[in-house]
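Q: I'm a first-year student learning to read protein models, and I'd love a close look at a single part of this one. Could you take one strand and walk me through its surroundings?

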Amino acid sequence: MRVVFWNIRHGGGVRTAAIARQIRAWSADAVALCEFRGTPPSAELARALADLGLAYQCTTADTTRPALNGLLLASRWPFRRLRLPTAPAEPARWLLARIQAPGPLVVGVMHVPNRVSGRKYPYLDAVLETARRTWPGPALFLGDTNSGCIGVDEQVPAFNRIEDGWMRGLHQAGWTDAFRHLRGESRAYTWYSPNGGNGFRIDQAFLNAHLRDRLHGFRYDWGRRDRTRPGRGASDHAAMVLDLHA
């Protein structure tokens with residue numbers, strides 16, 4: 001099973017066709033998109049994903065507020081949305097569902113607000129509280145967290161002790177950072193500052209203990225030849241591509 005997460009930036013816009021082509025090249029079985037919007041380009045992208053076989057879909061986007069960033073989950077298999085009292089109180093930025101794949105799993109898709117919003121730390125607290133629940137089966141949390149570990153996920157200082165502590169808190173709660181699990185302390189950046197050009201790893205995937213052993217592949221992918229031109233391709237974020245055993 002291949003799962004892809006990608007922050008597509010501002011709903012895709014004129015890049016919609018390029019985004020769809022790239023997702024087709026990845027041969028994804030389930031796709032989670034961040035900054036999906038209630039706009040015609042985003043709707044066109046959803047139709048393109050359905051044409052690729054990802055016909056089971058759910059979105060938090062709002063067509064009455066087309067500039068609002070939301071999420072899209074699209075899958076080859078049926079899924080059921082889940083709602084938990086501990087989950088973040090950000091209806092457009094959190095989506096939890098159980099996918100009935102050959103190896104079923106729960107997927108939690110997140111888009112953590114920036115600090116300036118004043119909503120970031122309550123959101124992080126809610127994700128951590130949700131992660132600490134008892135999960136009887138495989139589960140995966142993934143998304144644009146706007147967070148990272150001090151010193152290893154940043155080219156220049158950017159993350160604070162709260163964000164670093166959140167990452168470590170997930171690990172202590174039994175959730176494994178997929179990239180670190182396979183790549184150790186290797187450096188990788190998923191977004192580059194448009195001003196300073198500095199890189200940060202702010203897109204992550206976390207697996208609970210029931211799912212960890214099913215992970216056999218993980219990579220960050222900028223798309224076709226975009227690794228040398230970050231921020232200039234189909235999106236300003238690298239995608240996450242996870243391969244899971246059934």
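A: Let's take strand β12, which covers residues 203-207. 5 of its 5 residues are buried, so β12 is largely enclosed by the rest of the structure. Buried means under 20% relative accessible area, while exposed means over 50% and partly exposed lies in between (1.4 Å probe, protein chains only). Strands (E, at least two residues) and helices (H or I, at least four residues) are DSSP runs, numbered from the N terminus. Both faces of β12 are covered: D203, A205 and L207 are buried on one side, and Q204 and F206 are buried on the other.

A word on the model itself. It is predicted, so local features need pLDDT of at least 70 and side-chain atom pairs count only at pLDDT 80 or more, whereas totals for chains, interfaces and linings use all residues. Residues are numbered from 1 along each chain as its sequence is written, and side-chain values use heavy atoms, with hydrogens and water left out.

Now for the strands beside β12. Two strands pair if DSSP finds at least two bridges between them. Strand β8 (residues 139-144) is joined to β12 by 5 bridges, and the two run antiparallel. Here D144 has D203 of β12 as its bridge partner. Strand β9 (residues 176-177) also pairs with β12 in the antiparallel sense, over 2 bridges. In that pairing, T176 has L207 as its bridge partner in β12.

Step back, and β12 belongs to an open sheet of 6 strands in the order β5-β6-β7-β8-β12-β9, with mixed pairing. At the edges stand β5 (79-82) and β9, each with a single partner strand, so one side of each is left without a neighbour in the sheet. Elsewhere in this sheet, strand β6 (residues 94-99) and β7 run antiparallel and are joined by 6 bridges. L95 stands opposite V109 in β7.

Next comes a helix that rests on this sheet. Helix α4 touches β7, β9 and β12, and its direction makes about 20° with that of β12. Such axes are lines fitted to C-alpha atoms, for helices over the stretch in contact, and angles run from 0 to 180 degrees between N-to-C directions. The helix α4 has 12 residues (161-172), which at 1.5 Å a residue should span 16 Å, and its end C-alpha atoms are indeed 16 Å apart. That expected span is 1.5 Å times one less than the number of residues.

Which residues of α4 are buried? They are E163, D164, W166, M167, G169 and L170. What covers them includes β7 (105-111), α3 (120-131), β9 and, again, β12. Contact here means heavy atoms within 4.5 Å.

Both ends of α4 have a detail to find. At its start, a side-chain oxygen of N160 reaches to within 3.0 Å of the backbone nitrogen of I162. This is a polar contact, a pair of N or O atoms within 3.5 Å; within protein, one must be able to donate a hydrogen and the other to accept it, and residues adjacent in sequence count only if both atoms are side-chain atoms. After α4 comes G174, whose phi is positive, near 100°.

We can also look at the nonpolar cores. A nonpolar core is a set of buried Ala, Val, Leu, Ile, Met, Phe, Trp, Tyr and Cys residues joined through side-chain atoms within 4.5 Å. The largest has 33 residues, and L140, L142, F218 and L242 touch the most other members. Apart from it lies another core of 21 residues, among them W94, V106, L124 and L170. Leaving aside neighbours within four places in sequence, F218 is in contact with A178, F179, L182, R183, A205, M240, V241 and L242. In that list you can spot A205, one of the buried residues of β12.

One more residue to find is R180, which has its place in helix α5 (residues 178-183). With 17% relative accessibility, R180 counts as buried. A polar atom of its side chain lies 2.6 Å from the backbone oxygen of S186. Leaving aside neighbours within four places in sequence, R180 is in contact with V152, D153, E185, S186 and R201.

To retrace the path, begin at β12 with its two covered faces, move to its antiparallel partners β8 and β9, and then look at α4 packed on the sheet.
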